[in-house]
Amino acid sequence: MTNSQLSTRHVLGIKYLTVKDLELIFETAENFKEVINRPIKKVPSLRDVTVANLFFENSTRTRISFELAEKRLSADVVNFSASSSSVKKGETLLDTVNNILSMKVDMVVMRHPAPGAPSFLARHIDANIINAGDGTHEHPTQALLDAFSMREAVGELAGKKVAIFGDILHSRVALSNIFCLKKLGASVRVCGPPTLIPRHIEKLGVEVSYNLRETLAWCDIANILRIQLERQDIRYFPSLREYSQHFGINKAILDSLDKEIVIMHPGPINRGVEITSDVADSDHSIILQQVENGVAVRMAILYLLAAKR
Ligand code: NCD
């Protein structure tokens with residue numbers, strides 16, 4: 001495998017990665033994708049490395065994907081989820097993590113509801129930190145697996161048109177995708193109801209549209225996001241039914257456009273709200289390839305960070 005190194009000891013956000021870092025991660029992930037499709041899926045690269053998965057917020061895909069990636073690299077793995085921990089007894093984040101590190105943990109994968117929590121930890125502790133989603137801020141490994149999957153589907157992303165649909169305001173996947181796709185030279189448009197698009201988002205170099213059909217006609221790739229109801233403090237639209245009438249993607253719309261298009265979704269899907277089953281399960285969809293690629297991309301990140309120790 002390659003001798004190149006990442007420019008950083010942590011993966012806190014796409015914002016802090018260079019284009020060279022992104023390319024190194026993709027190249028390494030391609031190798032690992034080949035590894036995990038062999039009959040023997042395990043390599044010894046992270047033997048003697050202990051990784052703690054600290055999940056202070058719910059997760060299915062991301063937690064399992066990290067755990068599989070760690071195990072396929074032969075790391076020792078400990079799992080923690082806030083709902084069954086001493087956090088509920090009033091312990092601070094730093095105390096919780098320092099206690100875990102005293103048990104000689106080398107790397108921390110953390111999901112936390114507070115934006116900036118992984119960066120805070122990186123300033124105070126010695127382990128390599130990977131951000132697995134911090135509130136509405138960033139979800140860098142999701143954006144990397146998304147970009148990796150897009151490249152598999154359509155080739156180099158420079159000049160390609162990617163539209164991100166849905167709750168842009170509350171989505172960390174949207175922000176990390178925007179940073180990543182812009183670094184890779186793609187044209188990016190966000191589309192959703194005006195109340196769910198952050199003001200001044202154009203400053204990140206993206207276009208804004210409130211018109212689903214017109215944006216679907218424009219893009220090569222549609223990345224469709226869930227409405228993040230759990231993060232919405234007020235009502236941003238009248239009802240889910242109305243949302244899906246205006247911004248739900250269904251087969252009838254795609255058929256009427258009659259074009260090549262790649263459909264993506266980070267999951268969890270709310271079938272019948274932002275996407276119908278006949279689109280999610282169609283030949284356009286690469287949703288399950290995204291999940292498969294997630295393991296390879298996370299293996300690449302863990303491997304490259306371990307080389308920085
Ligand atoms: C996303 C997340 O947690 O931000 N899911 C994921 O990691 N696959 C998106 C979401 O929850 O909608």
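**Close-up views of the predicted model**

**View 1. Strands β5 and β6 lie side by side around Cys191.** Strand β5 (residues 161–165) and strand β6 pair in the parallel sense over 5 bridges, where pairing requires at least two DSSP bridges and strands (E, at least two residues) and helices (H or I, at least four) are DSSP runs numbered from the N terminus. The model is predicted, with local features needing pLDDT of at least 70 and side-chain atom pairs pLDDT 80 or more, while totals for chains, interfaces and linings use all residues. Residues are numbered from 1 along each chain as its sequence is written, and side-chain values use heavy atoms, without hydrogens or water. Within this pair of strands, F165 stands opposite C191, which belongs to β6. Strand β6 (residues 187–191) is largely enclosed by the rest of the structure, because 4 of its 5 residues are buried (under 20% relative accessible area with a 1.4 Å probe, protein chains only; exposed is over 50%, partly exposed in between). C191 itself counts as buried, with a relative accessibility of 1%.

**View 2. Cys191 and Cys219 are not joined by a disulfide.** The count of disulfides comes to 0, taking as a disulfide a pair of cysteine sulfur atoms within 2.5 Å. For C191, the closest cysteine sulfur is that of C219, and the 9.1 Å between them is too far for a bond. Seen from the other side, the sulfur of C219 finds its closest cysteine sulfur in C191, again at 9.1 Å and too far for a bond. Like C191, which is buried, C219 counts as buried at 1% relative accessibility.

**View 3. A parallel sheet is built from four strands.** The strands of this open sheet, 4 in number, follow the order β2-β1-β3-β4, and the pairing is parallel. Its edges are formed by β2 (76–81) and β4 (128–134), each of which pairs on one side only. Between them, strand β1 (residues 50–55) and strand β3 (residues 107–112) are linked in the parallel sense by 5 bridges. One of the bridge partners in this region is R111 of β3, which is matched with F55.

**View 4. Phe32 and Tyr303 bring two helices together.** Searching the whole structure gives 5 aromatic pairs, counting Phe, Tyr and Trp (six-membered) rings with centres within 6.5 Å, stacked if the planes are under 30 degrees apart, edge-to-face if over 60 and otherwise tilted. In one of them, F32 and Y303 meet edge-to-face, with 5.4 Å from centre to centre and 75° between the planes. F32 lies in helix α1 (residues 19–36) and Y303 in helix α11, so the pair ties together parts that are 271 residues apart in sequence. F32 is buried, with a relative accessible area of 1%, whereas Y303 counts as partly exposed at 22% relative accessibility. Elsewhere, F237, Y243 and F247 form one aromatic cluster.

**View 5. Loops carry a cis peptide bond and positive phi angles.** The peptide bond from G267 to P268 is cis, with omega near -10°, and P268 lies in the loop between β9 (262–264) and α10 (277–280). Ahead of β9, the loop that follows α9 (251–257) contains D258, whose phi is near 45°, a positive value in a residue other than glycine. D258 is exposed, with a relative accessible area of 68%. H200 has a positive phi as well, about 70°, although it is not a glycine, and H200 is located in the loop between β6 and β7 (207–209).
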